[in-house]
Amino acid sequence: MVDWKAIEEKWQRRWAEAGAFETDPDPEKPKFYLTVAYPYPNSPQHIGHGRTYTLTDVHARWKRMQGYNVLLPMAWHYTGTPLFAMVERLKERDPEFLDTFLNLYNIPEEKLTELMDPISMAEYFAAEIKHGMQRIGYSIDWRREFTTVDPIYSKFIEWQFEKLRKKGYITQGSHPVGWCPSCGNPVGQHDTVGDKEPEIEEFTVIKFRKGDMMFPAGTLRPETVFGVTNMWINPDATYVEARVDGETWVISAEAADKLELLEREVERISEFQGSKFIGVTITNPVTGDEFPMLPASFVDPKAVTGVVMSVPAHAPFDLVALDQLKREAKKNPDAYRFKPSDIKDLEPISVIEIDGYGAVPARDVVDHMGITDQQDPKLEKATKEVYSAEFHGGRMRNNTGQYASLPVQTAKKAVKEDIVAKGHATTMYEMLEPVQCRCGSEVVVKIFENQWFINYGDPAWKRLAHENIDEMTIIPFELRQEFHNVVDWLREKACARKAGLGTKLPWSPDWIIEALSDSVIYMAYYTVIKGINEVKPEPEHLTEEFWDYVFLGKGDAESVAESTGFPAEKLMEIHKEFSYFYPLDARHSGRDLISNHLTYMVFCHDGIWPRELWPRGIVVNGSVLMEGGKMSKSLNNIIPLINAIDGFGADPLRLSLMITAEPLKDADFSPDLAKNMGDNLERFHKRAMDVVEQGRGSPENLRDIDRWMLSRLQSYIAEADEALKELKVRKTIHAAMYNLNQDMDWYQKRVARQMDTPERAEAIRYVEWRTLDTQVRMMTPFTPHLCEEIWEKMGGDGFIAFAEWPRVDESYVSQESEVLEGMIRTSMEDVQKITRVTGISPEKIHFYTADGWKWKIYLKALDLARRGQLEVGTLIREAFKDDEMKARSKVVPGYARQIVEDVIRLPDAEVELRLEMGQLNEVNVLTDAVSFIEGEHGCDVAVSAESDPWTEDPAKRAHRAKPYRPAIYVQ
Ligand SMILES: [Zn+2]
C-alpha cells in the first residue's frame, strides 16, 4: 500500500528545501513563463477550483521536463467590496453564514472574532488556500507572493493607470453600468451570484399610443414592428401613469424606478393594476394599425417597460399566448373585457421570409416543440431558435415598405434609427439577462455620472488587440474567434468605485480602482517584486520613472537611481529579470473570463508594451461538476480541497481532476473516481517496485515480442506529445497510463514462460525497465509525488521533476512487429471465441497457415487496392495470368472474393505496410508464441502450413487459412 501522506510530505519537504521551483533567470536555458488567476481569498479552495490550477501546474511541469526554465508564481487578489459584505454578515452573526464558516469551512468558533475585518479575513483564507496549493504539490515560486493592497502594488497600479491615461485610453463620462440598488455600487462579474457578467443591452422602446397616452414597448427586434397584431400587459402587475421627459407613459412600477436610475425625468401620476387597460384600442405609431391591448401572464413587469408588443409570426411567446387566449375566451366569453369576436381575427402577420421555414416561422418551431402554454419553459429555446434563424438568414417581406428585401441584420439597425429619429421610439438600457448581486438584490442599469472608464471601445486599440490575438497560441485552438468577437463588442468599462479595498485613482483619489481593472498586467509585477523586496524601498519612492525603467527600459539606471534612491545596480538587475521572463507565454483561466479578464489583459498589455512583449498564449478551461451536477453550497456537495487531499491523497486527486478534463467540457468529479485513481496508482507503484527489484536488464537478445512492446511505447510517447500540444490531458493520461498498462499486461503474459532462460530474462527486464522509465516520466506532471518516489527507487538523477520528457526513439519504432503481434492477438481471440461458443476445454489447438498461392493472390489484391482498382473480376483475371492458378481454377474465384472483402476494409496505411512486408513466415511467428498459447490454454499446440505433408487436419479446417488469419481447429 502506498502511504500517500508520507510520500507527499517527503517530496514537498525536499522540493522546498532544494528551492526546486524557485526560478531565477538563466541565460543558458529557454524560459517559459505561465500564470493562473490569483485567487480572491474569501473562502477556502474547493475541488471546483482544482481543475484550472492543476492544469496550470501540469503545464508548468511538462514544460520544465522539456528543458525550459519555468516560472509559475502566485499572489492574492484582495481588491473590491465582497470581503466587506462578508465581515458585515459575520458581525451580524447571520445563521446561514455562520453555518458555512463553522461546518463547511471548519473554522473554529474562537477564531471568528479575529476575522471581523476585511484584511484579516482575506489573510486567513489566503493562508488556507496557500496551504492547500502546497499540499496538492503545485510547483510554485512562493518568493514572489504579494497582495493587491500592498503599498508597492498600489504604486504599480497607479503607474498602469497613468500609462493608460496618457495613451488616451481612460475616459470620463456618463455611461450605463450594472448597479446594485442596495449596495449602492456598480457591479462587476466578481460581485454577482454565480459570477455572472452583468451584460447591458440597449433596447428600442416603441411608443404605441392611445391619443396622447403612450404605451412604450421595449424590444430587441424593432424590425418586427410591421407585424404587431396586439399589445400585451400583465393584468395582475402594478402599473403607473407617469410623466416621463414631458410625455405621458403607462409602464410598470418597476420600469418607473429604472428610468430614474437612467437619468430620465419621471413624475408618477397614478397607480393601478394592468387589467385596467385591457381591451382598449392602441395605435401602432409606425404603421397606423389599430389593435387591442390584451392580458398575458408571461409579461414580466421587471423586464424593460412591462408593456409588450405582440408579433405572433416571429415571437413564439406571443403566438402561444394569443392562441391560448383565443381558446380561453371562446370557452369563457364573460371573463374578459373584450368579446371573443374581437380577437378571433387576430392572425400572425409575417414580415420576414426565411428559407427552411413556412410563412409563420414561430408556428413551425412551436408546433415542432409541442408548446401550447405561455408558461412552458421551452419557449425560451423556441425564441432563441427563431431569433437566430431570422437574424442570420431572414429577409424583410414586401409589407415592410422601404425595408422590403433587406436582410434582417441590416433592417434591424435601419428601422431603429429611423423610428427613433421620427420620435416614434426611444431607447432604454436594460440587463440582457437577470443578474443578482451577492447581497441578493437584482442588478439594474444605472447611468453613472462622471464615472471613470477604460475605453475598450477605442478602434485603434481594438486593432492592436486583434493583432495580438491573431499571433498568440490560444488553447483550445477553436476559441480564437470568440476572443475576436469579444474585442469587437467591448465598450467602455467602469474602472473605479467609491468603496472597497484597492488602489486609489492617482488623479482622483476619491475613486478606488476595481477588481477587473487592477488585475490585467500584474503578470509583469511577479517578475520584479522579488528584486524590489530585497531593497525594501519606501513605496512613495517608486515613481512613474522607476516603473518606466524596469518595465519599459526608459531612461538610464543612474539617473533613476538618483531620483528614487533605488540602487542603480539593482534597478538594472530587476529590468533584466523582467526582460528575461517577459513576454508571458501562457495565461490560464476559466472560460467565463473570456468576455472580460482575459481580453482586458490582452488590451492592457498591448496598450502599454511594445509588440514583442505582448502575451503569447492563453489556455482556457472548463469547470468541474460533482457526480454530474453543479457544485454549490445549497446542494451541500462542495468538498474543500484540503479535505479531498486528506481523503484521497494529492496524486489520486490530481489525476481524477485531469482524467475527466476534456477541453471546454466540464470535468465530472466523484469520490468513486478519486478512489479508483488511487487504486490505479497503487497498481502502477506495485509494478514499478517489481521492475526495480529485477533490475535494468540488457537489450542484447531482443525478439519480436520485445520489439513490439518497445514499439508500442514509442507510439504512446508520440500520442502524448500530440495531445499535450493542445493540453489534452485526458488523452495523454489514457496513452501514458491505461493503454500502456494494457500493453504491458499483454507483454508480461506473453513472456512469462521465457524468464527461465537467462538471456531472455535479461532482455525482458530491459524492456520492462525502459517502459517504466518512460511511463514514470510521462506521469510526473500528473502525479509528481508518486513519480519522485519511484524515480528515487530507480536510482534516477536528482528530481524527476527536472528529468527529460521522453522522446520517440525511432530505432524502436517497428510497425512490422506490431503487425505480427497483432496477428497473434487476433488468433488468440479466435481461439477464445471458439472455446466460449463450443464450451470445449481444449486438448489440442491446431493452427494452419495459408499456402504460398494464397499469399500471391493476397499481395495482388493489396497492390490493386493501392492503385484503387480492387474488384473481384480484376483480381481473378490477374490471378489467372499465373499458370499455377489454373490448376486451382475451382477454388481461386471463391478465395479471391473473400480476400477482396478483407482487403477493402484495410486502411490505406495498412495496405502499404502489408505490401512492403510481403509474404510472412506465419509458421515461425506462431511457433514463437506456442509456449505462451500452451500456457494460456493448458494444452498442446500444433502449428503448420495448410498443405504440409505432416499436417493433422481431422476436421478439415486447414483449407480455410488466409494470410494474417490462420485457420484454427480446437480439439
Ligand atoms: Zn448588492
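**A zinc site and a parallel sheet**

At 0% relative accessibility, Cys-180 falls under the 20% cut-off and therefore counts as buried. This cysteine is one of the protein donors of a zinc ion, and the model it belongs to is a predicted one. Below is a quick tour of that metal site, followed by an open sheet of 5 strands.

**The zinc site**

- Four SG atoms serve as the protein donors, from Cys-180, Cys-183, Cys-437 and Cys-439, and they lie 2.2 to 2.3 Å from the zinc ion.
- The angles subtended by these 4 donor atoms run from 105 to 116°, so the arrangement is tetrahedral.
- For reference, the ideal angle for four tetrahedral donors is 109.5 degrees.
- Along the sequence, the donor residues follow the spacing C-x2-C-x253-C-x1-C.
- Distant parts of the chain are linked here: Cys-180 sits in strand β3 (residues 170–180), while Cys-439 is 259 residues away in the loop between β16 (425–431) and β17 (444–455).
- Unlike the buried Cys-180, Cys-439 counts as partly exposed because its relative accessibility is 42%.

**The sheet**

- The 5 strands are ordered β2-β1-β22-β23-β18, and their pairing is parallel.
- At the edges are β2 (69–71) and β18 (473–475), each of which pairs on one side only.
- On average, neighbouring strands of this sheet are turned by 15° against each other, direction ignored.
- Strand β1 (residues 31–36) pairs with β2 in the parallel sense over 3 bridges, and Tyr-33 has Leu-71 in β2 as its bridge partner.

**A helix across the sheet**

- Helix α15 (residues 522–535) lies across β1 and β22 (586–590), and runs at about 120° to β1.

Note on methods. Residues numbered from 1 in each chain as written. Predicted model: local features only at pLDDT ≥ 70, side-chain atom pairs only at ≥ 80, totals over all residues. Heavy atoms only, no water. Pairing = 2+ DSSP bridges. Helix = DSSP H or I, 4+ residues; strand = E, 2+ residues; numbered from the N terminus. Axes fitted to C-alpha atoms, helices over the stretch in contact; angles between N-to-C directions. Contact = heavy atoms within 4.5 Å. Donors = N, O, S within 2.8 Å, 3.2 Å for Na, K, Ca; no water. Tetrahedral: all angles 85-135°; square planar, octahedral: opposite > 155°, others 65-115°. Buried < 20%, exposed > 50% of the residue type's maximum accessible area, 1.4 Å probe, protein only.
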